[in-house]
Amino acid sequence: MSIIDKYFRNINRLRISVTDLCNLRCVYCRPESGLDLARHKDILTYEEIVAVVGHAVTLGIKSFRLTGGEPLVRKNIEYLLRMLGNVCGVEDLAITTNGIYLKNYVKTLREIGLFRLNISLDSLDDSKFEKITRGGKLKDVLDGVEEVLNLGFKNTKINIVAMKGVNDDEFGEFAKLTLERDLEVRFIEYMAMNKENLAAEDKYIPMADIIDIIEKNNELVALPSPMLGSGAAKTYKIKGAMGKLGFVSAVSQPFCNSCNRLRLTADGKLRSCLLSGGVVDLKAILRNNPTEEQLTDAFIRAANLKPPVHSGKGHVVMHQVGG
Ligand code: SAM
């Protein structure tokens, strides 16, 4: 079986937020304090997440990414990853992390057979990194990235939220990381998550301008897409480089017509879109002895709530939804 939504998109990916907790407070993502966090009993258990994934594969959803909050802060996350790796039909299992705890986990992640990692990293300058993350140590992330490369992970991505006046002076340096490393360095357009308009933020830089900045000092070659895990990104290469560059333009050029994913929030809501669209309370169904039909129905309902295009407005609390 496969899920085709009302707009003929084949839904085959699920992004799973395993916790709304995070060990950083990135300025564009979380307030410094005063968060409205879910209660422990409302967070899906590992067994519940495995049950969701086990059912999702029967519906043709074969690609899964864990996110948060910060997935590596959830206790015994390796236990969940191991179980997910053993679910028959899972073809792609990845994680998005801020990388702070990565170096302690890389070997385990390799053993478990995790396919891919996305690592968020918004500055290569120690003090700027500390400022953006409100206290994170750049070295922790860089050590993690090197260990990931040493252990031979493929398709690793470094995600940079592009911010005018904050890290736009570093785009060239980020791009150069790909010269001799098998990495995809991905620039993500800044989304003003709680404003009337996603671009209504003086830090926003459209994708075309990000590319212009990098092209000033580098010859870029466009790559064919899509490639495994490239999702919504347009990809390029600096001529002769080992790695790639990716550009995610959710604001200037929404890619809704090719959006093939659903999201599961840490508290068990099946969410149709990051920005708009409705949710289905999967946890309520899961905790009420569901039949296979009821679970299938929940996925189909969530898929049919996907809007044709997101509204371009942001009213999202990222740590609750999972980025
Ligand atoms: N803690 C993990 C991490 O840092 O990668 C996973 C969760 S984080 C919310 C996932 C992604 O969302 C990160 O790549 C982050 O940069 C992105 N993100 C959060 N707020 C954003 C915003 N306002 N605009 C663009 N991207 C954002």
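**Exercise 1.** Which residue in strand 13 is the bridge partner of Arg263?

*Solution.* A word on the model before we start: it's predicted, so local features need pLDDT of at least 70 and side-chain atom pairs count only at pLDDT 80 or more, while totals for chains, interfaces and linings use all residues. Residues are numbered from 1 along each chain as its sequence is written, and side-chain values use heavy atoms, with hydrogens and water left out.

Step 1: find the strands, which are DSSP runs of E with at least two residues, numbered from the N terminus (helices are runs of H or I with at least four). Strand 12 covers residues 261-264 and strand 13 covers residues 269-271; they pair in the antiparallel sense over 2 bridges. Pairing here takes at least two DSSP bridges between the strands.

Step 2: look across from Arg263, and you land on Arg271.

**Exercise 2.** Work out the strand order of the open sheet and say why one side of strand 9 and of strand 14 is left without a neighbour.

*Solution.* Step 1: read off the order, 9-10-11-8-7-6-5-4-3-12-13-14, for 12 strands with mixed pairing.

Step 2: check the ends. Strand 9 (220-222) and strand 14 (279-281) are the edge strands, and each has a single partner strand, so one side of each has no neighbour in the sheet.

Step 3: add the twist, which averages 25° from one strand to the next. Angles run from 0 to 180 degrees between N-to-C directions, with axes fitted to C-alpha atoms (for helices, over the stretch in contact).

**Exercise 3.** Describe how the protein holds the ligand, starting from the polar contacts.

*Solution.* Step 1: list pairs of N or O atoms within 3.5 Å. The side chain of Ser120 puts an N or O atom 2.5 Å from a ligand oxygen. A backbone N or O atom of Met191 sits 2.8 Å from a ligand nitrogen, and one of Thr97 is 3.4 Å from a ligand oxygen.

Step 2: check the cover. Alone, the ligand exposes 550 Å², and the protein buries 94% of that (Shrake-Rupley method, 1.4 Å probe).

Step 3: see who lines the shell. Strand 5 (92-97), strand 7 (156-162) and strand 8 (183-189) each give two or more residues.

Key. A polar contact is a pair of N or O atoms within 3.5 Å; within protein, one must be able to donate a hydrogen and the other to accept it, and residues adjacent in sequence count only if both atoms are side-chain atoms.
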